[in-house]
Number of protein chains: 2
Amino acid sequence: MPRKPSAVDAPLRLDNQICFAVYSAAHAFNRVYKPLLDRLGLTYPQYLVMLVLWERDDVPVKDIGERLFLDSGTLTPLLKRLEAAHLVRRTRSSEDERQVLIALTAQGHALKEKARAVPQSILAASDCSVSELVAMKDEIVALRDRLNAVIGE
Amino acid sequence: MPRKPSAVDAPLRLDNQICFAVYSAAHAFNRVYKPLLDRLGLTYPQYLVMLVLWERDDVPVKDIGERLFLDSGTLTPLLKRLEAAHLVRRTRSSEDERQVLIALTAQGHALKEKARAVPQSILAASDCSVSELVAMKDEIVALRDRLNAVIGE
DNA sequence: TCACATTTAATTGTTCGCAATTGAATGTCG
DNA sequence: CGACATTCAATTGCGAACAATTAAATGTGA
């Protein structure tokens, strides 16, 4: 009969790590998105920033960062690349000169229409019902929020 | 009464993206792991490599890559850093000189004992029962595998 | 008003992650 | 055996991600 793997080692086994499940799923998503986003000329993090801006633009960098859990060290160069691609404009706020406001250009707004094809393709690749995906998403968000609550306490 | 948000925009809303749930959960995990792994002198991806090697070492780079879904472009420099930290040894296989075998040093083996404290802390931070976490992990792995199946077809 | 703390982006340096390419070793087929 | 393809690791270049620091603008309290 097959030898049972040591029980004391179970907590350190790779396949028992939920963090690795999440980590590897994130990379899998990235690889599925890649060819879709190439057509839009966006990377995946850039796509996330555009999602935020398509909901509401003319917002400070900080707001985008809070929404995506990213800091200026990540966002500043990313936003400069979006500016170089003529998708956004970066302007100092006149009320508070510490803030840099990010606004969509006409091109940036227009890209939203091309982007509508993306979620459909992702749904198809997930090979899963919408309701199942929504349930999973809610569970993962709840876990994420519990993890974030522990940070900095 | 509050205006209902446009239904056509729902698929592009950030909070409806399961990919963003996964992406942001992965970053949240990373932030929770950071202080724990700092004590071991490891980054999170380095920790994953060590988990693989603690199960079985003296394996080629390729095997580690298949296990973690990473390629040599990521692993080669990472393994060189682990070697510089005296946790692994990198040796060309004599049977097949294309392969580089990764073996743990005594220090690398010893670090496993210190690492046993990590999963407990993560479980506590998750604020969730083991059975719930296992169920979520299995769902996420199944989704990941479906996504990976779509890639390259 | 003035010293001081806080906020906001930007910058620097290190480590991933991946595409694309290279070069050496090995396999395969005529 | 010999041309050819394949495999494997390493390399290069670019774009995140984050810690730590900096600098400027703003807020606060004596």
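**Entry 1. DNA strand D**

I started with DNA strand D in this predicted model. I counted 29 residues around the strand. Thr43(A), Tyr23(B), Lys62(B), Lys80(B) and Arg90(B) come nearest. I then asked which part of the strand faces the protein. Sugar and phosphate make up 79% of the strand D atoms that come within 4 Å of the protein.

Next I looked up single polar contacts. Lys62(B) uses its backbone: an N or O atom there lies 2.8 Å from a phosphate oxygen of strand D. Arg90(B) uses its side chain, with a polar atom 2.4 Å from a phosphate oxygen. Arg98(B) goes to a base instead of a phosphate. An N or O atom of the Arg98(B) side chain is 3.2 Å from a base oxygen of strand D.

I also noted which elements supply the surface near strand D. From chain A, helix H2 (44-55) and helix H4 (72-84) each give at least two residues. From chain B, the elements that do so are helix H1 (18-38), helix H3 (61-68), helix H4 (72-84) and strand S2 (88-92). By class I find 12 charged, 9 polar and 8 nonpolar residues on this surface.

**Entry 2. DNA strand C**

I repeated the lookup for DNA strand C. It has 29 residues around it. The closest are Tyr23(A), Arg31(A), Lys62(A), Arg90(A) and Arg81(B). Of the strand C atoms within 4 Å of the protein, 78% are sugar or phosphate, and bases make up the rest.

I picked three contacts here. A polar backbone atom of Val61(A) is 3.0 Å from a phosphate oxygen of strand C. The side chain of Arg90(A) places an N or O atom 2.5 Å from a phosphate oxygen. Ser72(A) is a base contact: a polar side-chain atom lies 2.8 Å from a base nitrogen.

For the surface near strand C, chain A supplies at least two residues from each of helix H1 (18-38), helix H3 (61-68), H4 and strand S2 (88-92). Chain B does so from helix H2 (44-55) and H4. I sorted this surface into 8 nonpolar, 9 polar and 12 charged residues.

**Entry 3. How the two chains relate**

What operation lays chain B on chain A? I get a turn of 180° with a shift of 0.0 Å along the axis, at an RMSD of 0.0 Å. The chains are therefore related by a two-fold axis. Both copies use the same surface, as 100% of the contact residues of chain B recur in chain A. I also checked which residue of chain B comes closest to the rotation axis. It is Val22(B), with its C-alpha at 3.1 Å.

**Entry 4. Cysteines**

I searched the whole structure for disulfides and found 0 over all chains. For Cys19(B), the nearest cysteine sulfur is that of Cys128(A), 14 Å away. Why is Cys128(B) unpaired? Its closest cysteine sulfur, in Cys19(A), is 14 Å off, so the gap is too far for a bond.

Are these two cysteines of chain B buried or exposed? Cys19(B) has 2% relative accessibility, so I log it as buried. Cys128(B) also counts as buried, because its value is 17%, under the 20% cut-off.

**Entry 5. Gln46(B)**

Last, I looked at Gln46(B), which sits in helix H2 of chain B. Its relative accessibility is 9%, so Gln46(B) counts as buried. I set aside neighbours within four places in sequence and listed the contacts that remain. They are Gly41(B), Leu78(B), Arg81(B) and Leu82(B).

Notes: Residues are numbered from 1 along each chain as its sequence is written. Chains are lettered from A and ligands numbered from 1 in the order in which they are written. This is a predicted model: local features need pLDDT of at least 70, side-chain atom pairs count only at pLDDT 80 or more; totals for chains, interfaces and linings use all residues. Side-chain values use heavy atoms; hydrogens and water are left out. A residue is near a molecule or strand if one of its heavy atoms lies within 4 Å of it. A polar contact is a pair of N or O atoms within 3.5 Å; within protein, one must be able to donate a hydrogen and the other to accept it, and residues adjacent in sequence count only if both atoms are side-chain atoms. Helices (H or I, at least four residues) and strands (E, at least two) are DSSP runs, numbered from the N terminus. Ala, Val, Leu, Ile, Met, Phe, Trp, Tyr, Cys and Pro count as nonpolar, Asp, Glu, Lys and Arg as charged, and the others, Gly among them, as polar. Copies are superposed by least squares on the C-alpha atoms of residues with pLDDT of at least 70 in both. Contact means heavy atoms within 4.5 Å. A disulfide is a pair of cysteine sulfur atoms within 2.5 Å. Buried means under 20% relative accessible area, exposed over 50%, partly exposed in between (1.4 Å probe, protein chains only).
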